Amino acid sequence: MADDEPIELKDGAAITGMRRAGALVASTLALLRAHCAPGVATAELDALAHEHITSQGGVPSFLGYPGPTPYPSAICASINDEVVHGIPGPRQLREGDIVTLDVGAVLDGWHGDAAITVAVGAVSAPAAHLIATTEAALAAGIAVARAGNRLGDISAAIERVARRAGCGIVPEFTGHGIGHEMHEAPTVRNYVDRQLGSGPRLRAGMTFTIEPIFTLGAAETETLPDGWTICTRDHGLAAHVEHTVAVAAHGPAFVLTRQG
């Protein structure tokens, strides 16, 4: 997405539709979180998500998504040093793992997209710190997603949390606009790009994802031979959390993928 690409504003009916898609994503993630335990294979989580999404009349957004090859699964399940786009398979979760579950669903033509990073059993203090920091950055970004602020205010809020906690920021993966398409304008960075400045002013009806992606070590990544899974080059832990939001005319943004 080009940074000067027009940003579509959604009306009330569109946001209502996106809220329904977001609720489906939220309930799917709640189901997956409840099943994350030692011995559970990521393929089992993928099957649960696929059945739940389709049983509610939705379609998994990621399944068949274009790439080096069409993405083969309903969800992404990225374990430990896997940053994003982990393909579910026979690998079983183990005590002490952290796993990012990224879910997208389209319902009645509208997309929802969200991610959580889950601790499997008891995890190390650094792993718990990483998850908590990433969640705090998401909350900080959502808090400034208000009409009249700038897109760069979200990036600055996320970056501030990461820097204070000593976490790395993976620069090549960002939040994004969302609506009838999974990826629309704008690009929502997790750091301030000084060349781009503060970015466009936020307006009611803008819909996008906010998704901090942090590491405990360096931020450099590499792609596994499957063409999809991205890992940290130094094999440090990575975490990724995400919500879809809609900018409101007044007050805080609507979080469209929050459960309840």
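**Sheets, cavity and pocket of the predicted model**

Strand S10 (residues 213-215) is joined to S13 by three bridges, and the two strands run antiparallel. The model is a predicted one, in which local features need pLDDT of at least 70 and side-chain atom pairs count only at pLDDT 80 or more, while totals for chains, interfaces and linings use all residues. Residues are numbered from 1 along each chain as its sequence is written, and side-chain values use heavy atoms, with hydrogens and water left out. Strands (E, at least two residues) and helices (H or I, at least four) are DSSP runs numbered from the N terminus; two strands count as paired if DSSP finds at least two bridges between them.

Within the pairing of S10 and S13, Ile213 has His240 of S13 as its bridge partner. Both strands belong to an open sheet of three strands, ordered S6-S10-S13 with antiparallel pairing. Strand S6 (168-169) and strand S13 (238-240) stand at the edges with a single partner strand each, so one side of each is left without a neighbour in the sheet. Helix H3 (residues 125-143) lies across S10 and S13 and runs at about 150° to S10. Such angles run from 0 to 180 degrees between N-to-C directions, the axes being lines fitted to C-alpha atoms, for helices over the stretch in contact; contact means heavy atoms within 4.5 Å.

Another open sheet is formed by three strands in the order S3-S12-S11, again with antiparallel pairing. Its edge strands, S3 and S11, each pair on one side only. On average, neighbouring strands of this sheet are turned by 40° against each other, direction ignored. Three bridges connect S11 and S12 in the antiparallel sense, and Glu222 stands opposite Cys231 in S12.

The structure holds one aromatic pair (rings of Phe, Tyr and Trp, the last by its six-membered ring, with centres within 6.5 Å; planes under 30 degrees apart count as stacked, over 60 as edge-to-face and the rest as tilted). Tyr71 and Trp228 form this pair, which is edge-to-face, at 5.1 Å centre to centre and 80° between the planes. The two residues lie 157 residues apart, Tyr71 in the loop between strand S1 (59-60) and S2, and Trp228 in the loop between strand S11 (221-223) and strand S12 (230-232).

Enclosed and open spaces were located on a 1 Å grid over the protein atoms alone: a cavity is a set of points where a 1.4 Å probe fits but cannot get out, a pocket is an open set with protein on both sides within 12 Å along at least five of seven lines, and lining residues have an atom within 4 Å of a point. Grid points are joined across faces, edges and corners, and a volume is the space filled by probe spheres set on the points.

One cavity of 30 Å³ or more is present. The largest cavity has a volume of about 30 Å³ and is lined by Cys76, Ser78, Val83, Val84, His85, Thr100, Asp102 and His240. Strand S2 (75-79), strand S3 (82-84) and strand S4 (98-107) are the elements that give two or more residues to this lining. The lining comprises three nonpolar, four polar and one charged residue (Ala, Val, Leu, Ile, Met, Phe, Trp, Tyr, Cys and Pro count as nonpolar, Asp, Glu, Lys and Arg as charged, and the others, Gly among them, as polar).

The largest pocket contains about 380 Å³ of space. Of its 21 lining residues, Phe62, His85, Asp102, His176 and His183 are the closest to its centre.
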